[in-house]
Amino acid sequence: MMDEERREQIALFRFGVINDLVGGVRLERGELERMIRDKSQRRWYIPGSNRTRISASTIRRWVRLYEESGRKLDSLRPVKRNDRGRSRAIDEETVQALI
């Protein structure tokens with residue numbers, strides 16, 4: 001389970017990735033896409049992850065979450081999962097039938 005301090009670190013990291021995309025300066029569509037592409041090609045130290053890349057679609061999602069929340073940092077925190085320990089691909093009845 002992820003503690004609140006780790007969730008805060010991840011939100012701050014995500015904001016660090018998108019801050020120049022949401023900083024108030026209106027970017028042209030082509031410029032925004034170029035910046036997102038450049039960011040997706042970089043290597044990152046991602047808190048709590050062994051991955052080093054961030055997809056362009058993930059960066060766009062972070063921008064959208066941040067903007068739609070009214071520019072709240074909390075919108076960039078990882079969402080707490082309520083399906084922990086359950087398969088996301090098979091419903092519980094099917095799991096029980098297989099067992």
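Which helices do the buried residues of H1 pack against? The buried residues of H1 pack against helix H2 (29-41) and helix H3 (56-68). This is a predicted model, in which local features need pLDDT of at least 70 and side-chain atom pairs count only at pLDDT 80 or more, while totals for chains, interfaces and linings use all residues. Residues are numbered from 1 along each chain as its sequence is written, and side-chain values use heavy atoms, with hydrogens and water left out.

**View 1. The buried face of helix H1.** Helices are DSSP runs of H or I with at least four residues, numbered from the N terminus. Helix H1 covers residues 4-18. Its buried residues (under 20% relative accessible area, with a 1.4 Å probe and protein chains only) are Arg7, Ile10, Ala11, Phe13, Arg14, Val17 and Ile18. These residues cover an arc of only 160° around the axis, which puts them on the same side of H1. The arc is that of the directions from the helix axis to the C-beta atoms. An α-helix has 3.6 residues a turn, so residues three or four places apart point the same way.

**View 2. The buried face of helix H3.** The buried residues of H3 are Ala56, Thr58, Ile59, Trp62, Val63 and Tyr66. Seen down the axis, they fall within an arc of 165°, so they line one face of the helix. H1 and H2 are among the elements that cover these residues. After H3 comes Gly70, which has a positive phi near 85°.

**View 3. The aromatic cluster of Phe13, Trp44 and Trp62.** These three residues form one aromatic cluster. Rings of Phe, Tyr and Trp (its six-membered ring) pair if their centres lie within 6.5 Å; planes over 60 degrees apart count as edge-to-face. The rings of Phe13 and Trp62 have centres 6.4 Å apart and planes at 80°, so the pair is edge-to-face. Phe13 lies in helix H1 and Trp62 in helix H3, so the pair ties together parts that are 49 residues apart in sequence. Trp62 counts as buried at 5% relative accessibility, and Phe13 is buried with a relative accessible area of 15%.

**View 4. Glu8 and Arg77.** Glu8, in helix H1, is partly exposed (between 20% and 50%), with a relative accessible area of 26%. The side chains of Glu8 and Arg77 make a polar contact (2.4 Å). Such a contact is a pair of N or O atoms within 3.5 Å; within protein, one must be able to donate a hydrogen and the other to accept it, and residues adjacent in sequence count only if both atoms are side-chain atoms.

Methods:
Helices (H or I, at least four residues) and strands (E, at least two) are DSSP runs, numbered from the N terminus. Contact means heavy atoms within 4.5 Å. Rings of Phe, Tyr and Trp (its six-membered ring) pair if their centres lie within 6.5 Å; planes under 30 degrees apart count as stacked, over 60 as edge-to-face and the rest as tilted.
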